[in-house]
Amino acid sequence: MAPAVGQAFDQEGLSSVGIPVHIVGSRGDELTRFELNAAHYASELPAAQLTVVHPGGHFVCTSSCNDLGRGVASLVCFDPDPATDRRTVHEQIAAEGVRFFRRELD
């Protein structure tokens, strides 16, 4: 979820990964650019599945925040797009994860 340091891994380094990988990323990720990270890994890993969440930012996969959380951990509680509904995103990611594991483990 919201992977980073994609530029550190080239096709040669990633081609040896032989296990299925499920990557979750957002085009609106304000900390790790989607194209250089989530999309990069998905294109270079031989058995990768990519789930793109929209809207969402880097921390969209973390818990929904209450007022106290927004006051204490505003960075983690902030989504760049005010239309982001983290609960809906979490449901999407969970459903995709279940499909991924059923397909890969059955």
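**Entry 1: R86**

I began with the neighbours of R86 in this predicted model. Leaving aside residues up to four places away in sequence, I found R86 touching F59, V60, T62, S63, S64, C65, V76, C77, F78 and D79. I then looked up the secondary structure and placed R86 in helix 5, which spans residues 86-105. Is R86 buried or exposed? Its relative accessible area is 6%, and R86 therefore counts as buried, the cut-off being under 20%. I also checked the side chain for a polar partner and noted that it reaches the backbone oxygen of F59 at 3.5 Å. F59 thus appears in my notes both in the contact list of R86 and as the residue whose backbone oxygen the R86 side chain reaches.

**Entry 2: C65**

From the contact list of R86 I turned to C65. I located C65 in the loop between strand 2 (48-53) and helix 3 (67-72). Its relative accessibility is 23%, so I recorded C65 as partly exposed. Which residues does C65 touch, not counting those up to four places away in sequence? I listed R70, C77 and R86. I further looked up the separation of C65 and V76, which are eleven residues apart along the chain, and found 8.6 Å between their C-alpha atoms.

**Entry 3: H22**

I next examined H22, which lies in strand 1 (residues 21-26). Two polar contacts of its side chain were entered. One joins the H22 side chain to the side chain of T51 at 2.7 Å; another joins it to the side chain of Q49 at 3.4 Å. With residues up to four places away in sequence set aside, the contacts of H22 are Q49, T51, E96, G97 and F100.

**Entry 4: nonpolar cores**

I then asked which residues form the largest nonpolar core. I noted seven: L14, I23, F34, A38, Y41, A42 and L45. Helix 2 (residues 38-44) supplies the largest share of this core, with three residues. Apart from this core I found another, of five residues, including V53, V60, V89 and I93. V60, a member of that other core, is also among the residues that R86 touches.

**Entry 5: I23**

Finally I returned to I23, one of the residues of the largest core. Excluding residues up to four places away in sequence, I23 touches P3, A38, Y41, A42, L45, A48, Q49, L50 and T51. Among these contacts, A38, Y41, A42 and L45 are also listed in the largest core. I closed by noting that Q49 and T51 are touched by I23 and likewise by H22.

Terms used:
Residues numbered from 1 in each chain as written. Predicted model: local features only at pLDDT ≥ 70, side-chain atom pairs only at ≥ 80, totals over all residues. Heavy atoms only, no water. Helix = DSSP H or I, 4+ residues; strand = E, 2+ residues; numbered from the N terminus. Buried < 20%, exposed > 50% of the residue type's maximum accessible area, 1.4 Å probe, protein only. Polar contact = N/O pair within 3.5 Å; in protein donor to acceptor, adjacent residues only side chain to side chain. Contact = heavy atoms within 4.5 Å. Core = buried A, V, L, I, M, F, W, Y, C linked by side-chain atoms within 4.5 Å.
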